[in-house]
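Biologist: Let's go through this model together. I'll ask as we go, and short answers are fine.

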Amino acid sequence: MSNTGWATGAPLAATSEWVDEHLLRGDDREVCLHFGSPVTRAALRAAVAERETALRGLGLARGGSVALRLPPSLAYAANLLAAWRIGAQVALLDHRLTAYETDRALERLQPQVLVGFTGTLPGGLRAFYDVTDVPEARDGRPAETGHAVVQLSSGSTGPSKVIARTAEQLVAEVDRYTRIDGVPLPGERVVLLASVVHVLGLVGGLLYCLHAGTELVLPERLTVDAILRAVEAGDAPTTLLGVPFHTELLASNPNPPKLAQLKRMTTGGELVRAEVAQRFTDRYGITLGNMYGMTEVGVIATDLFGEHRPSLMPAPGITVREQDGELLVATPASPYIGLSDPTRWIDGWLHTKDAGRVDPATGLMTVLGRLDSQVSVGGLKVDLTEVEHTLAALPGVEGAVVVYDGGIEAFAVVPDPGAAAALEGELAVRLAPYKRPRVLHIVEQLPRTATGKLVRDRAVLRTAEPKPAP
C-alpha cells in the first residue's frame with residue numbers, strides 16, 4: 001500500500017477529525033468488523049455515537065480521562081472510539097485482571113469515568129464477548145498529559161509500567177503499517193488472535209483494519225477448530241495475526257484442512273521456535289511472518305515473508321541501532337508517565353533491554369533475547385535463551401522457561417513421566433555443564449501474561465503448579 005498522506009498540524013488529540021477521517025469513514029454497507037456477526041460501517045458509527053452521548057452525559061469532556069475494562073467486543077471498540085472523538089485520554093485495562101489488580105490500576109490512573117460490564121463472562125477460551133457495557137462517573141482527575149491512550153505493560157519480566165502514546169503516534173504507526181510490504185490489503189480479511197487491549201491487536205489489528213478497509217474477524221473461540229472456521233467463513237485472502245502461543249496451538253493440529261483463502265500468519269512478541277515454525281509451515285503450507293515491537297513504540301521491524309528469519313527489517317520511519325549489544329530505537333520523547341526507570345529513555349533513544357545486533361551492510365536487525373538473559377556462571381557467559389530453546393526442543397517438552405537467580409533454574413511442562421525423567425540426560429548431551437539448569441521444575445503449566453508471553457518473573461514462576469509425581 002502507498003503512503004496515505006496523514007494530515008498534520010494541530011494536535012490530533014484536541015480534535016475528533018482523526019477518528020472520523022482515518023478510522024470511521026467508508027461506505028455504510030462495508031463490513032468492517034466481525035464479532036460473531038458482521039458489523040457494517042454504518043452500524044459501527046451508530047454504536048460510537050451512542051457511547052459518545054453516554055460518556056458526555058457523565059461529564060466526560062475534552063482533556064478528560066476514562067478507563068475501559070471491557071473484554072474484546074463491539075462495546076470495547078465503540079467506547080474506545082467514542083472517547084477519542086470527545087478528545088479524552090483512554091486507559092486500557094485487561095478484563096482478565098482480578099478485582100485487586102483492577103483496583104490497584106485505578107488508584108494509579110485515577111480516571112474520571114470507568115466503563116465496565118455487567119454479568120459474568122463465560123469461559124471456554126472465547127476471543128470475543130457480547131456484553132452490556134456500564135459507564136460510571138468516578139472521583140478522578142482530568143488527563144495530566146495530552147496522550148490519547150495509556151496502557152500498562154504486560155509485566156512479563158516484573159512490575160508493569162505506565163506507557164502512554166499520543167494520537168499522532170497512533171496515526172504514525174497505522175501509516176507505518178500501510179507502507180510495510182506484505183500487510184493485509186483493502187478487501188482482505190484479518191483473523192485476529194491477539195488481544196485488542198494490547199498493542200499488536202489494538203493497532204496492528206483494530207486500528208489498521210479500520211483504516212485500510214480490511215475486515216477484522218475475531219474467532220468465536222481461541223481453539224484450532226474455531227480459528228480455522230473463522231478463516232473458512234470468508235472468501236477473501238486471510239491473514240492470521242497472533243503471538244507465538246497461537247502458532248504453537250495451530251501447529252499442534254497434525255492434519256489441518258487446506259484453506260485456499262489462508263494467505264499468511266504473522267506473529268508478534270517472542271520469536272517462534274525454529275522447530276515450531278517448520279512444523280507450522282509444513283502443515284499449513286503458508287508463510288509464517290515475524291514482527292518485533294513494543295508497547296512503547298508499536299511495530300518496530302518485520303519479516304512478513306519469512307525471508308530473513310531470525311532477522312527483521314526495521315519498519316518505514318523507524319531507526320534502530322546497536323549499543324553495547326543492546327537494541328535502541330529512536331523516539332522523540334519518553335513513552336513513560338509517572339514513576340519510571342530513567343535508564344529506559346535517554347537523549348532520544350529508547351533502550352529496549354533486548355540484546356541484538358544490526359548489520360551495517362543490510363540494515364537487518366536480529367533480536368537475541370532479553371538483555372538480562374545474558375548471565376555469568378563461574379566467569380563464563382551463558383545465554384539463557386539458548387538454554388531455554390534447547391530445553392523446549394527436547395522430546396516431550398511442551399513449554400519451558402529458564403531464569404537465573406544465583407544459578408540457572410528451569411521450569412518445563414512435560415506430560416510424559418518418561419520424557420521428564422530423561423531430561424537431564426538429554427540436556428547433558430546438548431549443553432556444556434556450566435550451561436545446564438541447576439534446578440529443573442516439572443510443572444503442570446507455565447504462567448503467561450495477558451498477551452500470551454511466557455512470564456519470566458521468578459516469584460511468579462515459583463507459584464506454578466508442580467506436576468504430581470506418578
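Modeller: Some vocabulary to begin with: helices (H or I, at least four residues) and strands (E, at least two) are DSSP runs, numbered from the N terminus. This is a predicted model, in which local features need pLDDT of at least 70 and side-chain atom pairs count only at pLDDT 80 or more, while totals for chains, interfaces and linings use all residues. Residues are numbered from 1 along each chain as its sequence is written, and side-chain values use heavy atoms, with hydrogens and water left out.

Biologist: Where is D324?

Modeller: D324 sits in the loop between β16 (320–323) and β17 (326–330).

Biologist: What is the phi of D324?

Modeller: Near 55 degrees, which is positive although D324 is not a glycine. Most residues other than glycine have a negative phi.

Biologist: What do β16 and β17 form?

Modeller: A hairpin, with two residues between the strands, and D324 belongs to the turn.

Biologist: How many bridges join β16 to β17?

Modeller: Four, and the two strands run antiparallel. Two strands count as paired if DSSP finds at least two bridges between them. Within this pair, E322 stands opposite L327 of β17.

Biologist: Other backbone oddities, then. What kind of peptide bond joins R309 and P310?

Modeller: The bond between R309 and P310 is cis, with omega at about 10 degrees. Most peptide bonds are trans. P310 lies in the loop that links β14 (298–303) to β15 (311–314).

Biologist: How many bridges join β14 to β15?

Modeller: Two, in an antiparallel pair. T302 has M313 of β15 as its bridge partner. β15 also pairs with β20 (residues 365–370), again in the antiparallel sense and over two bridges. There, S311 stands opposite T366 of β20.

Biologist: Now the sheets. What is the order of the six strands in the open sheet?

Modeller: The order is β6-β5-β3-β4-β7-β8, with mixed pairing. β6 (133–137) and β8 (162–165) are the edge strands, each pairing on one side only. On average, neighbouring strands of this sheet are turned by 20 degrees against each other, direction ignored. For angles, axes are lines fitted to C-alpha atoms, for helices over the stretch in contact, and values run from 0 to 180 degrees between N-to-C directions.

Biologist: How many bridges join β5 to β6?

Modeller: Five bridges join β5 (residues 113–117) to β6, and these strands run antiparallel. V113 is partnered with A137 of β6.

Biologist: Which strands of the sheet does helix α3 touch?

Modeller: Helix α3 (residues 74–86) packs on the sheet and touches β3 (65–68), β4 (89–92), β5, β6 and β7 (149–152). Contact here means heavy atoms within 4.5 Å. The direction of α3 makes about 150 degrees with that of β4.

Biologist: And which strands does helix α4 lie across?

Modeller: Helix α4 (residues 99–109) lies across β3, β4, β5, β7 and β8, and runs at about 135 degrees to β7.

Biologist: Back to α3. At what angle do the axes of α3 and α6 cross?

Modeller: At roughly 75 degrees, and the axes of α3 and α6 (residues 199–212) come within 13 Å. That makes α3 roughly perpendicular to α6, a label given to angles of 65 to 115 degrees.

Biologist: Which residues make the contact?

Modeller: From α3, Y76, A77, L80, L81 and W84 take part, and from α6, L202, L206, L207 and L210.

Biologist: How do the residues of that contact divide into nonpolar, polar and charged?

Modeller: Nine are nonpolar, none polar and none charged. Ala, Val, Leu, Ile, Met, Phe, Trp, Tyr, Cys and Pro count as nonpolar, Asp, Glu, Lys and Arg as charged, and the others, Gly among them, as polar.

Biologist: Last topic, the three-strand sheet. In what order do the strands come?

Modeller: The open sheet runs β23-β24-β25, with mixed pairing. Its edge strands are β23 (399–404) and β25 (439–442), each paired on one side only. Neighbouring strands are turned by 15 degrees against each other on average, direction ignored.

Biologist: Over how many bridges do β23 and β24 pair?

Modeller: Six, in the antiparallel sense, with β24 spanning residues 408–413. G399 has V413 of β24 as its bridge partner.

Biologist: Which helix packs on the sheet?

Modeller: Helix α10 (residues 384–392), which touches β23, β24 and β25. The direction of α10 makes about 155 degrees with that of β23.

Technical notes. Angles under 35 degrees count as roughly parallel, over 145 as roughly antiparallel, 65 to 115 as roughly perpendicular and the rest as oblique.
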